[in-house]
There are 2 protein chains.
Amino acid sequence: MINRQVQLVRLPAPGNLSPADFKVAESPAAKPGNGEALLRTIYVSLDPYVRGWMGGIDNYVYPPAPGRTVIGRAVSEVVESADPRFKPGDFVFGETGWNTHPTVKAEAIEKIDASLGPISTAVGVLGSPGLTAWVGMLDIGKPAPGDTVVVSAAAGAVGSVAGQIARIRGARVVGIAGSPDKCDFVVKDLGFDACVNHRSASLGDDLAKVCPNGINAYFDNTGGATTRAVFPLLAKRARVVLCGLVAEYNDPNASGPSLKGILYKQASIQAFSVRDNLHRMPEFRREVSGWMKAGQMRFREDLAHGIENTLTAFQGLLEGRNFGKLLVQVGEDPTRR
Amino acid sequence: MINRQVQLVRLPAPGNLSPADFKVAESPAAKPGNGEALLRTIYVSLDPYVRGWMGGIDNYVYPPAPGRTVIGRAVSEVVESADPRFKPGDFVFGETGWNTHPTVKAEAIEKIDASLGPISTAVGVLGSPGLTAWVGMLDIGKPAPGDTVVVSAAAGAVGSVAGQIARIRGARVVGIAGSPDKCDFVVKDLGFDACVNHRSASLGDDLAKVCPNGINAYFDNTGGATTRAVFPLLAKRARVVLCGLVAEYNDPNASGPSLKGILYKQASIQAFSVRDNLHRMPEFRREVSGWMKAGQMRFREDLAHGIENTLTAFQGLLEGRNFGKLLVQVGEDPTRR
């Protein structure tokens, strides 16, 4: 059995990723030692935080280095287990990286409860992206009836969940997304009250039109020009949930929005870590899975195929070319036909 | 008795103030009606928020308009009173504007308790600038032993108080100020642990050197290049007290710092309103006056003279040319010789 893996050739420079920074390597899959399991990856999850890892931000236990497999979450099936907690055929998820047949410590993976939803959602709406949206929106955004809540990257894995939570909590929800199709989806499928295209030349005016009473909470996944358009529209004591800056990760010289909008409105900006909130996963999964079953929470997936296409798909994510939660399918999903 | 007043000729455009936007007008002082008092202004207090008023931000009850006297706090002596709460000779303070002999409603002024400190401090260390520092530093900055706290405009009216409070609370305090003289004052007179000059070409490196463990709280009065140098040095869960953006008020196209430093460190930025905290004045005055009497809290004043020089002094404030709390003395102070 061969493990195909996407490895770093060298540390990517700040700025756009170069294909020359990566290679696909092959090696025999490792027989699991005591307390380990050999997996067959089904879906590699592509998430923006991986760009931060590549750039060396934060102090990862497994920092980027030449020859290392790129980190990332994935959904897999257990092929062989040397740990009593797992047996062949179990579906699991964990941060097992951009590869097809990893051998991992049992502590690094978790069994998927397929009664909650499709197995792919363990890295999407019922996984870290969903938890990120749930923690950020409820703890910091605090949506309430009467509020106008704006969500950037509203068609994406985190934004789509964040906006639907605000809607469920009774707020008016306005999305910002990158195409008319995405805006259609956000309004018609996800039930947002309005959506504006961030590529519009009149973004600020478009937003002002659909937020006549200002913006009480802003869930920001992107930064960049979108945030510059939002800040002047903030209402008194607005809450900004700083979740991601995908429009700025590739730009080492990125400047930010003027903070005048924050100052003049006694507003706040708060970043947070989903890693600090992993203990709330069970409560989160129960609540969101309930919403899904009641038809109140919808999601959309964008599937690429083949481990060799992972980098290209990831570059698309950083440029907003995906439409929904981006996954790379690298193995058969026996639960779908 | 003649009231000399600085009036708006027209609303200042965004950008630098022009002398042509203002004129000094004279009119007979008005006899106080019932519930009013006629004052003789001693000190006009110059504070950056007045630039916001001129620019039409926020919804002031008394918005800027041609022919209107510029707003601003002042320390005055009562000349004539038609209200039982005041009598001639009382020292009072209030937002009585840039003029020499205003007639004001009794509700707009408050008697100064001269036992707490010199009467000029009622618009300085014991007034709104001090309250601003006290509320922002204690409620948001939350300095504690072991913390490194950075304060911009550290020699100014608000920054000097904010930094001394952090020092009193046991934090390591680093100032940022605009000249070697100011830095000397901040370290030697105010007892900060270090101070760096924001005009240094190597500001980021200078700061990194004196903040080897990162910055746990940042009290920001300036924005601009100073804040861009601070953000990359923030420590995990750092608190940014957004108090002022004096480096950006004059620039309508100002951009801000990248928020990556906030995102990666799960940090927060919080603005606040001193107006929402006026009910805490008595507690604040008691505490800070106690520190003054114990020699733990020092202050410095920068005096200009003559109502006709108010605008020039105010322009200097916006450019950081003042050294300490900036006042314009427009009448004799009988408590000083």
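**Figure 1. Strand 9 and strand 10 (194-197) of chain B are among the elements that cover the buried residues of helix 4 of chain B.** The model shown is predicted. Helix 4 of chain B runs over residues 180-188. Its buried residues are Lys182(B), Cys183(B), Phe185(B) and Val186(B). These residues cover an arc of only 160 degrees around the axis, so they sit on the same side of helix 4 of chain B. The other side of this helix carries exposed residues: Pro180(B), Asp181(B) and Lys188(B). Note the two lysines of helix 4 of chain B: Lys182(B) is buried, whereas Lys188(B) is exposed.

**Figure 2. Ala177(B) lies in strand 9 (residues 172-177) of chain B.** Ala177(B) has 29 other C-beta atoms within 10 Å and is therefore buried; the cut-off for a buried residue is 20 or more. Which residues does Ala177(B) contact, leaving aside neighbours within four places in sequence? From helix 4 of chain B come the buried residues Lys182(B), Cys183(B) and Val186(B). The list also holds Ala154(B), Ala155(B), Cys195(B), Asn197(B) and His198(B). Cys195(B) is 18 residues away from Ala177(B) along the chain, and their C-alpha atoms are separated by 7.0 Å.

**Figure 3. Strand 4 (residues 74-81) of chain B is largely enclosed by the rest of the structure, because 6 of its 8 residues are buried.** Strand 4 of chain B pairs with strand 3 (residues 36-45) of chain B. The pairing is antiparallel and spans 7 bridges. Within it, Tyr43(B) has Val75(B) of strand 4 as its bridge partner. Strand 4 of chain B also pairs with strand 5 (residues 91-94) of chain B. That pairing is antiparallel too, over 4 bridges. Here Ala74(B) has Gly94(B) of strand 5 as its bridge partner.

**Figure 4. Strand 13 of chain A and strand 13 (residues 268-271) of chain B pair in the antiparallel sense.** The pairing runs over 3 bridges. Ser268(A) stands opposite Gln270(B) in strand 13 of chain B. Across the whole interface, 25 residues of chain A are in contact with 24 residues of chain B. Which elements of chain A give two or more residues to this side? They are helix 7 (260-264) and strand 13 (268-271) of chain A. By class, the side of chain A that touches chain B holds 13 nonpolar, 9 polar and 3 charged residues. The copies meet through the same surface, because 96% of the interface residues of chain A are also interface residues in chain B.

**Figure 5. A turn of 180 degrees lays chain A on chain B.** The shift along the axis is 0.0 Å, and the RMSD is 0.0 Å. The two copies are thus related as by a two-fold rotation axis.

**Figure 6. Ala153(A) has a positive phi of about 50 degrees, although it is not a glycine.** Most residues other than glycine have a negative phi. Ala153(A) sits in the loop between strand 8 (148-152) and helix 3 (157-168) of chain A. Is Ala153(A) buried or exposed? With 29 C-beta neighbours inside 10 Å, Ala153(A) counts as buried.

**Figure 7. Arg237(A) is not a glycine either, yet it has a positive phi of about 55 degrees.** Arg237(A) belongs to strand 12 (residues 234-242) of chain A. Arg237(A) has 14 C-beta neighbours inside 10 Å, so it counts as partly exposed. Ala153(A), by contrast, is in a loop and counts as buried.

**Figure 8. Chain A, the setting for the two preceding views, contains 9 helices and 15 strands.** Its C-alpha trace spans about 60 × 45 × 35 Å along the principal axes. What radius of gyration does chain A have? The value is 20 Å, which agrees with the figure near 20 Å for a compact globule of 337 residues. Buried residues make up 52% of chain A. Contacts between residues at least 6 apart in sequence were also sorted by separation: 66% of them join residues at least 24 apart.

Notes
Residues numbered from 1 in each chain as written. Chains lettered and ligands numbered in written order. Predicted model: local features only at pLDDT ≥ 70, side-chain atom pairs only at ≥ 80, totals over all residues. Rg over C-alpha atoms; globule rule 2.2 N^0.38 Å. Buried ≥ 20, exposed ≤ 12 C-beta atoms within 10 Å, placed from the backbone. Contact = placed C-beta atoms within 7 Å. Least-squares fit on C-alpha atoms with pLDDT ≥ 70 in both. Nonpolar A, V, L, I, M, F, W, Y, C, P; charged D, E, K, R; others polar. Pairing = 2+ DSSP bridges. Arc of directions from axis to C-beta.
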